[in-house]
Amino acid sequence: MGKIILTGDRPTGKLHLGHYVGSLKRRVELQNSGEFEKIFIMIADAQALTDNADNPEKIRQNIIEVALDYLSAGLDPEKVTIFIQSQVPELCELAFYYMNLVTVQRLQRNPTVKQEIQLRGFSENDDDQNKKGTPVGFFTYPISQASDITAFRATTVPVGVDQAPMIEQTREIVHKFNAVYGETLVTPEMLLPENAACLRLPGTDGKAKMSKSLGNCIYLSDTSKEIKKKVNSMYTDPEHLQITDPGHVEGNVVFTYLDAFSTPEHFAKFLPEYADLDEMKDHYRRGGLGDGTCKKFLFNIMEDFLQPMRERRKQYEQNIPQVYEILRKGSEAARAEAAKTLADVRKAMKIDYFDDAELIAEHTKKYQG
Ligand code: TRP
């Protein structure tokens, strides 16, 4: 059997550079590698609603943003199935059955859930009257994520390292299901990003993470002018005051981004004085290399991959009904695929009453004496 990919994103905002290096770029490479029989890319609106139940408009507006980001990054609807989670109701059904195989205690131990509950200020026990309680849907989203992955018999889940506990929990659910009901589900593997700098791209201000609320993101949909402004205001080395001063590259956002993006080809094209990033870093450390030159180089590199994306985006923006059609067709195809797994699951769980001729025969015999 061929390898199958499933991955996705919550549609809570436009995608930024962190998403690009961490996942989108890789997805496009995987799509073009020819190694995968099927690739499913899911816009996880149902998961996004688990902590945005009172803000459906936000999710509704961001589905198209994420879809445009996907398409402009180079995901090709001829090669991958892009779909919307809520349009595949089989996923809810599957999650409901998996809930019987996971304990509350095991969910409470999931480090990602724990961290996210704290991050959102949900209370963790009954006596904390000042905080909002944790929605059950949010608490159980690792189970829903297990159904997303297994419904498509995914072998491979390309995600960031923060998702590791989710994949681990999915694997446990698969083992448990197969042990209780017989070999039915496929055990997935996670696929981490290759470049260490991609694991977590910091914000332009040097804060650990890009976040909309901190205003330190570079969006894939930013204009050239916006990018220039953001790169020029990037946090560098506060001790590097004069060009001749020795500088630090650690904690210097410009160099962290160069770690993530620059290739020797970029040097040949835009900054031929250096063969590669190591040489450039050495010069910066010694002193004599100004922040302006580094920023200009970074800007050129970013424009080099963002410009083609902008052009694709413009085309799709001129044809929004076509984008919705891609999502509709993708969702239909995804639903057909999930339905096959659900048929196997119902059979394994002995709840396929009407398709089970033996059941009727058995009971006919039993009651006829
Ligand atoms: N949890 C992922 C995120 O926060 C989105 C997601 C939902 C997902 N279901 C998934 C990712 C299944 C990989 C596999 O963006």
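What share of the chain's 369 residues counts as buried? In this predicted model, the figure comes out at 49%. The chain is built from 17 helices and 5 strands, and its C-alpha atoms fill a box of roughly 100 × 50 × 35 Å along the principal axes. Of the contacts with a separation of 6 or more, 75% come from residues 24 or more positions apart.

On to the interior. The largest nonpolar core holds 61 residues, and the members touching the most others are Leu-17, Tyr-257, Phe-261, Met-280 and Met-302. The top contributor to this core is helix 15 (residues 291-317), which puts in 10 residues. Another core, of 41 residues, lies apart from the largest one and has Ile-4, Met-42, Val-159 and Leu-342 among its members. Back in the largest core, Met-280 is worth a look: leaving aside residues up to four places away in sequence, Met-280 touches Phe-255, Leu-258, Phe-267, Leu-271, Tyr-274, Leu-289, Cys-294 and Phe-297.

Helix 15 also packs against helix 11 (residues 224-232), with the two axes coming within 10 Å and crossing at roughly 150°. Angles over 145 degrees count as roughly antiparallel, so that is how helix 11 and helix 15 run relative to each other. Their crossing is right-handed. On the helix 11 side, the contact uses Ser-224, Ile-227, Lys-228, Val-231 and Asn-232, while helix 15 brings Lys-295, Leu-298, Phe-299, Met-302, Glu-303, Leu-306 and Arg-310. Sorted by class, that makes 6 nonpolar, 2 polar and 4 charged residues. Met-302 turns up in this contact as well as in the list of core members that touch the most others.

Methods: Residues are numbered from 1 along each chain as its sequence is written. This is a predicted model: local features need pLDDT of at least 70, side-chain atom pairs count only at pLDDT 80 or more; totals for chains, interfaces and linings use all residues. Side-chain values use heavy atoms; hydrogens and water are left out. A nonpolar core is a set of buried Ala, Val, Leu, Ile, Met, Phe, Trp, Tyr and Cys residues joined through side-chain atoms within 4.5 Å. Buried means under 20% relative accessible area, exposed over 50%, partly exposed in between (1.4 Å probe, protein chains only). Helices (H or I, at least four residues) and strands (E, at least two) are DSSP runs, numbered from the N terminus. Contact means heavy atoms within 4.5 Å. Axes are lines fitted to C-alpha atoms, for helices over the stretch in contact, and angles run from 0 to 180 degrees between N-to-C directions. Angles under 35 degrees count as roughly parallel, over 145 as roughly antiparallel, 65 to 115 as roughly perpendicular and the rest as oblique. A crossing is left-handed if the near helix is turned anticlockwise from the far one by less than a right angle, and right-handed if clockwise. Ala, Val, Leu, Ile, Met, Phe, Trp, Tyr, Cys and Pro count as nonpolar, Asp, Glu, Lys and Arg as charged, and the others, Gly among them, as polar.
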